[in-house]
Amino acid sequence: MRFCTATVALAVASFSCVAAFAPPITSSFAHAPSLRDDVGRSLVAAAVQDETAVTTMDYGEVNRLTYRELQRVCKEKGLAATGTTSALRSRLLDFFGTTPADLAGAAAAAAVTAADECVPDDITFCDESNPDFEFNSLLKEVMQKSEMRHWKAATRKLKQLKKRYATPDRPIPQDAYLAVLEACVENRLHGARAAEPARKILEEMSEAQMEIPINLGNSCVVNCLGIEESGKHDGCGGIDTALAMLAAIEDSPSGSNNLNVETYGAVVSALSRDGSVDEAMLLLRAMVVEKSFTPPLSVLADVGKAAAKCGDRSEDVLQVLALAKASGYELDSIGSAEAGRDLLASGVIAAEQMGNLALGLRLLTAASKAEGCAPDRGDDLVAASSSAAQRACTLIHKRAINTAFVDNNWKLAVKLLELMPERSLTPSTSVWRKVVTVCAKSEKSKKASAVLFDWVRTLCFHQRPFSGIFFVKSISYIISENFRSNVFA
């Protein structure tokens, strides 16, 4: 009996000890930083989207905002929306009057420690060690990790070096930043996983007014972009990171001279794919007007396609066409490239949305003049580029023929009708009827007969002979009533 009692007591004591050192069940969410950050970031994003909800923000909420969200909140509060990520966060923190909670706690702890210390007057301390030893030792580790291309360890060591030992009189050398940055850039920013560390390094170098090499800066911006939502790659990098890198490089001593046209084009295309037409248009206009760049046709086509897809951004498509012309492209020649035909297709869609029939027909004519599209025609390829483009081309020809019918312009009506099959467009019954009728009203019997027989051949080709005979009789009656002659004689 005593042995059993002792055994039970020992088991209870052991369980108590294990429970004392085990983490509490209620703190399991605290050990999942990724889930916690995602939830916090989603809440902050929802608050940012609702303009009335952004009344006050604490340090954690401001720190979770992405670059474009920081710009949006700064604009709403009347603050400057330019600069690096740290600059935007500092403005918002100053505006809301918030400070990190850990800094306040650290200051209070330091005050208590200083009050409790009691230093004797008869004892003096003399430190004869090298004051730069720890700094140099950690700096050496940073360089070693960078040479080994261990970018995670190198970035952690660099962060420790900055927080613990770097001072205004003893800053981190530029070579250390460049070594870590080169380790991050390899393998396309290691699948964009090193995008955020690279952004922070670029911002720190920009704040310290250090020169950023052209190849490193451009590689960082381009490689952090992907094809997923918000321009991310496997959930890393993205458009916000790329825009923050652009701002940091532009604030460096060399400014935007370190950025080439491919870098700007990659960001513009990513913004277009994400549906941010306004931001894409601003950056595209800056490329052409301010920096005198000639963007690739693919970049112009991406912006035009995104604007045409919105439905209410037709004027933006016309601005893209104007920027393409200002860049040195000619509408009669861009149809030779696939990207140029996509841009012309976006212009045709915008022209149909605006009801500008002349512009739509002009763009199709420009596509037909393009060389290098054999054996097809450029306008045929433009019309067949997408279902939206084909629909827009069909509606433009139909409305133009209706306008010619109202104006009794039989030549224009016949010409447009002849162009529709060449552009793989199928005329409707009302289109055929209007063309034949306007020719009959204008007493053009031969042309009306030719159009009529073309109509019959089209109906027979679609295996509708009986309806074709019915339409022949109907149109023959219309022609005979207009100029009282037998068109079949």
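Is Asp332 buried, exposed or partly exposed, and what is its relative accessible area? In this predicted model, Asp332 is partly exposed, with a relative accessible area of 28%, and the close-up views below begin with the salt bridge in which this residue takes part.

**View 1. A salt bridge joins the side chains of Arg362 and Asp332.** The N to O distance in this pair is 3.3 Å. Arg362 belongs to helix H18 (residues 357–368), whereas Asp332 sits in the loop between H16 and helix H17 (338–354), so the pair ties together parts that are 30 residues apart in sequence. Like its partner, Arg362 counts as partly exposed, because its relative accessible area of 37% falls between the limits of 20% for buried and 50% for exposed.

**View 2. Salt bridges with shared partners form a network.** The residues that are joined into one network in this way are Arg68, Asp240, Asp274 and Glu279. For the model as a whole, the count of salt bridges comes to 17.

**View 3. Arg313 forms a salt bridge with Asp278 and another with Asp316.** In the pair of Arg313 and Asp278, the side chains meet with an N to O distance of 2.3 Å. Arg313 is found in the loop between helix H15 (297–310) and helix H16 (314–326), while Asp278 is part of helix H14 (residues 277–290), so this salt bridge ties together parts that are 35 residues apart in sequence. Asp278 is partly exposed, with a relative accessible area of 48%. In the pair of Arg313 and Asp316, the closest N and O atoms are 2.6 Å apart, and both of these residues are buried.

**View 4. Helix H9 and helix H11 cross at roughly 40 degrees.** The axes of H9 (residues 174–191) and H11 (residues 214–223) come within 10 Å of each other. The two helices are described as oblique to each other, because their angle of roughly 40 degrees is not under 35 degrees, as a roughly parallel pair would require, and does not reach the range of 65 to 115 that counts as roughly perpendicular. The crossing of H9 and H11 is left-handed.

**View 5. Side by side, the residues of H9 and H11 that make the contact.** From H9 come Leu178, Leu181, Glu182, Val185, Arg188 and Leu189, and these meet Leu216, Ser219, Cys220 and Asn223 of H11. Sorted by character, the residues of this contact divide into 6 nonpolar, 2 polar and 2 charged.

Key: Residues are numbered from 1 along each chain as its sequence is written. This is a predicted model: local features need pLDDT of at least 70, side-chain atom pairs count only at pLDDT 80 or more; totals for chains, interfaces and linings use all residues. Side-chain values use heavy atoms; hydrogens and water are left out. A salt bridge is a side-chain nitrogen of Lys or Arg within 4 Å of a carboxyl oxygen of Asp or Glu. Helices (H or I, at least four residues) and strands (E, at least two) are DSSP runs, numbered from the N terminus. Buried means under 20% relative accessible area, exposed over 50%, partly exposed in between (1.4 Å probe, protein chains only). Axes are lines fitted to C-alpha atoms, for helices over the stretch in contact, and angles run from 0 to 180 degrees between N-to-C directions. Angles under 35 degrees count as roughly parallel, over 145 as roughly antiparallel, 65 to 115 as roughly perpendicular and the rest as oblique. A crossing is left-handed if the near helix is turned anticlockwise from the far one by less than a right angle, and right-handed if clockwise. Contact means heavy atoms within 4.5 Å. Ala, Val, Leu, Ile, Met, Phe, Trp, Tyr, Cys and Pro count as nonpolar, Asp, Glu, Lys and Arg as charged, and the others, Gly among them, as polar.
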